[in-house]
Amino acid sequence: MLSSLRHRLLLVIISLLGLLALATALASLTAMKQDSQQQARQVLQLGANVFSQLLHDRSMQLGQSVQVLAADFGFRQAVATSESATIQSVLENHGSRIDAQLVVLLSPQGSLLASTRQELSENQLRPLLQAAQQPSSSMHSTILPLAEQAYQLVLVPVRAPNVIAWVGMGFVLDDALAEQLKAITGLDISFIQHRAGQDIRLLTSTLNTQSLSDLLPESIVLAELTDEPSASQDQRYLTLSRPLEHAELWALLHLPNSRWLLNYQSMRSQLLGIFGIALTMALLVAFWLGRSITEPLQKLTNFARQLGEGKATIALPQASGEVGVLSQTLSQMQQRLAERERLLIEQAEQDALTGLYNRSAAESWLKDFAREHAGVLLLLNIRSFRHINDAFGLDTGDQLLQLLASRIRQLSPPPLFCARVGGDEFLLVYAELPDELTQFVSLLQTPYQLQQSSITLQLTLGYYRFAAHTAEPVMVSNLLRRVDIASANAKQLSEGIAGYQAGQDERHLRELTIIQDLPLALAADQLSICYQPKVSLQQQSCQAAEALIRWQHPSLGFVPPDEFIRLAEHAGLIQLVTDWMLSRVIRQAALWQTSFPGLKVAVNLSPMDLIDEQLPARIQQLLNQAKVSARVLALEVTEGAVMQDPERVIRILRQLAELSIELAIDDFGTGHSSLAYLKLLPVHEVKIDRAFIKDIEHNNDDELIVEAASRLAKGLGFQVTAEGLENREGLAKLMTLGCDTVQGYYFAKPMAALDFERWLQQFQLTAVDYFSEDSA
């Protein structure tokens, strides 16, 4: 019977469905049971933590009450003069006031001077006193078994001024306390005493005797229940133990397990029913399918087998319906598979547009070639190819790529291998670097005739010499990365040709590290802010500073701001840097308003920030959070940043100015701004670049430029700040050229916030020294 395809199929389907249903049911039930148990354990552990905290809080409250009594002058006088009646009265009154069941007074030597429980002896309290008399102890709390009961005790020294006695108070761990703890934690509480070699003695419990007998078998080991709870014999309770400071005293925390058991049993019944119904239906469907499809499928088996082997020499059976469709499909598949196999092989290695090899084929070829041969990789790139597509259309761009590929094939000497590895990138491999690379590139740049137009391509060439990798695996990614680095360098050069130099790979990896680590460093506050004073020449005082960002990388060391700011702009991370900088500077400026009212702090903005429409709103939110006026903040922008999108930048700058934020043009004189736009900017200040300031005392050209720039700025109504002042002679020049504010190393280098505060306090006292002739 099992030789029949139908019977075998039915047997397999039934077996698989049965095993699947059984495995699913077991896995689901096991997961549900474990989840229920885990939830119960978590609830019990949480309750145990609350229980421990409650005992601790209760101990602290008791300690405060005892400290009040120990500090009472009358009580200390009575102890000092040994007035027994007064002492006894005070102990009883104070104990009854806070419902303490035990109040004792001990001498420094351990003698029992007074007690509200006469049955207590000195020997029972002496260990507590010894622990309390430790040099670092001002209050000692513990739980002790006394007179067949457990007490939570606190001892506090009575000083006049030396220790003249020890006073202690205690509460009994009784039914009332257990019920109180149960009401808070939601757990049943039992306090027990277990002496070595003796049976467990119950002190008090919120459970009845029968339940406790099930929970406390003779073989129980209390220490094992501190981390992992134990279930009772009838599974109704989970029990967790907590030691109560004294070795004999324990607290048992009991969690009723009925809720989780009932939920598990209910879900188990439902799941078993669902699995049973689903299995029955699946078996019926499997039986019907087996009968209806196995017979016609058998007729197609031989053809399908041969088709899979690439033969298919037999004819397909004639049939109708779905089997007929399958028969026709198999026939068509036979024809298409052969065609697709040919196309797939071709597409896997060739670029569809140019007919050259593609990147995948290049990587495979390089891996084999570089294992035994040295050579040179050349990476050609078309400058501004996107503009060609925009100006002439994508079709023209595609034709240019095809013509360029055709010229590459016709090169003499021909390359060992050539491929199109990107949109406008072509990879060539030579055994040796071709002579006259400029002429080599010129041949490929010769004008192309398209649509009665002559188009000249501007190409860049990066190259990398590699040695044969005979002793190590070929890392194709390294080869391509290095030639890509050379190509990127070539794009920065006017001649457009550059080779890979040793160390550039490390620089590339350094830049990748900076880009990857910058967001993490911002989140972890690894960056810092320094402040450089801006000194008013007229008032000879400092009412402003410029905030400068710094980064000490854990592995790279100090990373210059211009380096990581540039990379952040290219990687789209500049908003993170700006927001981090603004939030810290605004908070610091707010703190300084108390000690240095009116102190203004300036922050540099990136060109990317000035086209961010949401920047004004974010700054307003930060100011609101710091509860500080916008007048404590100034923003500095460069001329080049303004010129990248003047209309948009001016609109955003006006929104910032409307918030009462002062704006400044930084590095004035080094950019290419238009005076027509400059007069429209809502700025309050221009900062003359340090290139014109640092040598102004002996460079007449710099003096003329600063004087002209100052007059121009004054004419437009701007304040003038000079950056980079380094000596007294330069200060004297600037004071005659109309500058309002200066900053530079002559006054101070950029400093941390605390150092800036100290400098500012000192400068208020010694400012005149910087401007006097003697300071030169």
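**Exercise 1. Which residue stands opposite L105 in strand 2?**

Solution. Please keep in mind throughout that this is a predicted model.

- Step 1: Begin with the pairing. Strand 1 (residues 102-106) runs antiparallel to strand 2, and 3 bridges join them.
- Step 2: Now look across from L105: the residue opposite is A114 in strand 2.

**Exercise 2. Place this pair of strands in its sheet, and find the edges.**

Solution.

- Step 1: Trace the order of the strands. It reads 2-1-5-4-3, an open sheet of 5 strands with antiparallel pairing.
- Step 2: Look at the two ends of that order. Strand 2 (112-115) and strand 3 (140-146) each have a single partner strand, so one side of each has no neighbour in the sheet.
- Step 3: Consider the twist. On average, neighbouring strands here are turned by 25 degrees against each other, direction ignored.
- Step 4: Add the helix. Helix 2 (residues 73-80) packs on this sheet and touches strand 1, strand 4 (149-159) and strand 5 (163-172). The direction of helix 2 makes about 115 degrees with that of strand 5.

**Exercise 3. Describe the sheet that contains strand 11, together with the helices on it.**

Solution.

- Step 1: Read off the order, 12-13-11-16-17. These 5 strands form an open sheet with mixed pairing.
- Step 2: Find the edges. They are strand 12 (417-420) and strand 17 (497-499); each has a single partner strand, so one side of each is left without a neighbour in the sheet.
- Step 3: Check the twist. Neighbouring strands of this sheet are turned by 15 degrees on average, again ignoring direction.
- Step 4: Zoom in on one pairing. Strand 11 (residues 375-382) and strand 13 (residues 425-430) are antiparallel partners over 6 bridges, and L380 stands opposite F426 in strand 13.
- Step 5: Bring in helix 11 (residues 394-409), which packs on the sheet and touches strands 11, 12, 13 and 16. The direction of helix 11 makes about 5 degrees with that of strand 13.
- Step 6: Finish with helix 13 (residues 476-491). Helix 13 lies across strands 11, 13, 16 and 17, running at about 145 degrees to strand 16.

**Exercise 4. Find an aromatic pair that involves strand 16, and say what the pair ties together.**

Solution.

- Step 1: Start from the whole structure, where a search finds 18 aromatic pairs.
- Step 2: Pick out F369 and F466. Their centres are 6.4 Å apart, with 75 degrees between the planes. Since planes over 60 degrees apart count as edge-to-face, this pair is edge-to-face.
- Step 3: Locate the partners. F369 belongs to helix 9 (residues 359-369) and F466 to strand 16, so the pair ties together parts that are 97 residues apart in sequence.

**Exercise 5. Look for unusual backbone features in two loops.**

Solution.

- Step 1: Go to the loop between helix 11 and strand 12, where P413 is found. The peptide bond from S412 to P413 is cis, with omega near 0 degrees.
- Step 2: Move on to the loop between helix 14 (504-523) and strand 18, which holds D525. Phi of D525 is near 55 degrees, a positive value in a residue other than glycine.

**Exercise 6. Describe the largest and second largest pockets, and name the strand that gives the most to each lining.**

Solution.

- Step 1: Take the largest pocket, with a volume of about 940 Å³. Of its 33 lining residues, E546, L548, P561, N604 and D666 are the closest to the centre.
- Step 2: Sort that lining by kind: 14 residues are nonpolar, 8 polar and 11 charged.
- Step 3: Turn to the second largest pocket, whose volume is about 450 Å³. It has 19 lining residues, and S536, Q543, A544, Q719 and T741 lie nearest its centre.
- Step 4: Sort this lining too, which gives 4 nonpolar, 10 polar and 5 charged residues.
- Step 5: Name the strand. Strand 19 supplies the largest share of the largest pocket's lining, 5 residues, and strand 19 also gives the most to the second largest pocket, with 4 residues.

Methods: Residues numbered from 1 in each chain as written. Predicted model: local features only at pLDDT ≥ 70, side-chain atom pairs only at ≥ 80, totals over all residues. Heavy atoms only, no water. Pairing = 2+ DSSP bridges. Helix = DSSP H or I, 4+ residues; strand = E, 2+ residues; numbered from the N terminus. Axes fitted to C-alpha atoms, helices over the stretch in contact; angles between N-to-C directions. Contact = heavy atoms within 4.5 Å. 1 Å grid on protein atoms, 1.4 Å probe; cavity = no way out; pocket = protein on both sides within 12 Å on 5 of 7 lines; lining within 4 Å. Points joined across faces, edges and corners; volume = space filled by probe spheres on them. Nonpolar A, V, L, I, M, F, W, Y, C, P; charged D, E, K, R; others polar. Phe/Tyr/Trp six-rings, centres within 6.5 Å; stacked < 30°, edge-to-face > 60°.
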